[in-house]
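Dear colleague,

I am passing on the structure we spoke about, and my notes on it follow below. Please read them with the coordinates open beside you.

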Amino acid sequence: MDSMPNFFNGYALADLIVRFLFNLFITGIIVYFFYFKKTKRRDYLFTFLMVSTTIFLMIFLLDSVKIQVGFALGLFAIFGILRYRTDTLPVREMTYLFAIIGISVINALSNGKVSGMEMMFTNLIFIVMFWALENSKRLKHVNSKLIIYEKIELIKPDREAEMLTDLRQRSGLNIERFEVGQIDFLKDIAYVKVYYSTGNKQNTADNIVKPGNFLDDF
């Protein structure tokens with residue numbers, strides 16, 4: 001007859017708490033200082049931290065290493081086709097989510113098999129890479145929005161500068177460039193995708209228009 005598991009195991013509980021706080025500390029640095037500080041997106045801040053917590057606890061508490069590895073691979077497979085109900089997950093947010101899942105899996109699976117120094121160095125690599133890439137001028141993140149534009153007389157190539165000025169003034173965004181998609185002459189509107197930089201501020205307007213097949217033009 002199998003022995004009943006101990007109701008209280010001080011060593012196991014301490015190990016769980018220490019590793020969980022360490023994982024939360026690492027993911028918190030990445031999510032808050034490198035992502036939230038720039039975008040101010042509280043919805044993704046919530047998502048990243050809760051996904052990290054869930055993945056870590058689920059993997060850490062599994063008994064079999066084979067089940068852990070298989071489960072981890074399954075998570076990455078599911079992640080490959082991950083979509084939200086309304087919008088496809090943006091590439092930048094997808095990268096952060098992928099990294100958060102990876103860090104949580106590494107920290108959970110390293111229990112007793114990897115030295116503390118190796119685990120700390122591995123997590124430090126993630127932090128350094130995010131810091132270097134987020135602060136690289138060559139890799140500056142540019143946001144985009146899809147908008148409906150009614151001044152179709154300005155979509156002509158020779159009036160591009162005038163249209164850019166009008167888009168900046170009316171939207172209040174620091175638009176760097178734009179692309180004209182579908183044009184509806186019956187309604188005198190055009191679908192325009194604008195690319196803009198925000199520095200450390202995120203424009204909270206959500207006036208994104210996604211007409212059918214419009215994204216195919218880009």
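Two strands are taken to pair if DSSP finds at least two bridges between them. On that basis this predicted model contains an open sheet of three strands, in the order β1-β3-β2 and with antiparallel pairing. Because β1 (143–149) and β2 (174–184) stand at the edges, each with a single partner strand, one side of each is left without a neighbour in the sheet. From one strand to the next the twist averages 20°.

The pairing of β2 with β3 (residues 189–197) is antiparallel and runs over eight bridges, and within β3 it is V194 that serves as the bridge partner of F178. Helix α6 (residues 160–171) packs on this sheet and touches β1, β2 and β3, with its direction at about 105° to that of β2.

Turning to the interior, the largest nonpolar core has 27 residues, and those with the most contacts inside it are I26, I30, F34, F48, Y96, I127 and F130. At least two residues of this core come from each of α1 (10–39), α2 (42–60), α4 (91–109) and α5 (116–134), and α1 gives the most, with nine residues. If you would like one residue to start from, consider Y96, which, leaving aside its neighbours within four places in sequence, is in contact with I30, F34, Y35, F48, F130 and E134.

There is also a second, separate core of 15 residues, which includes I155, L173, V192 and V194; V194 is thus named twice in these notes, being also the bridge partner of F178 in β3.

With best wishes

Definitions and conventions. Residues numbered from 1 in each chain as written. Predicted model: local features only at pLDDT ≥ 70, side-chain atom pairs only at ≥ 80, totals over all residues. Heavy atoms only, no water. Helix = DSSP H or I, 4+ residues; strand = E, 2+ residues; numbered from the N terminus. Axes fitted to C-alpha atoms, helices over the stretch in contact; angles between N-to-C directions. Contact = heavy atoms within 4.5 Å. Core = buried A, V, L, I, M, F, W, Y, C linked by side-chain atoms within 4.5 Å. Buried < 20%, exposed > 50% of the residue type's maximum accessible area, 1.4 Å probe, protein only.
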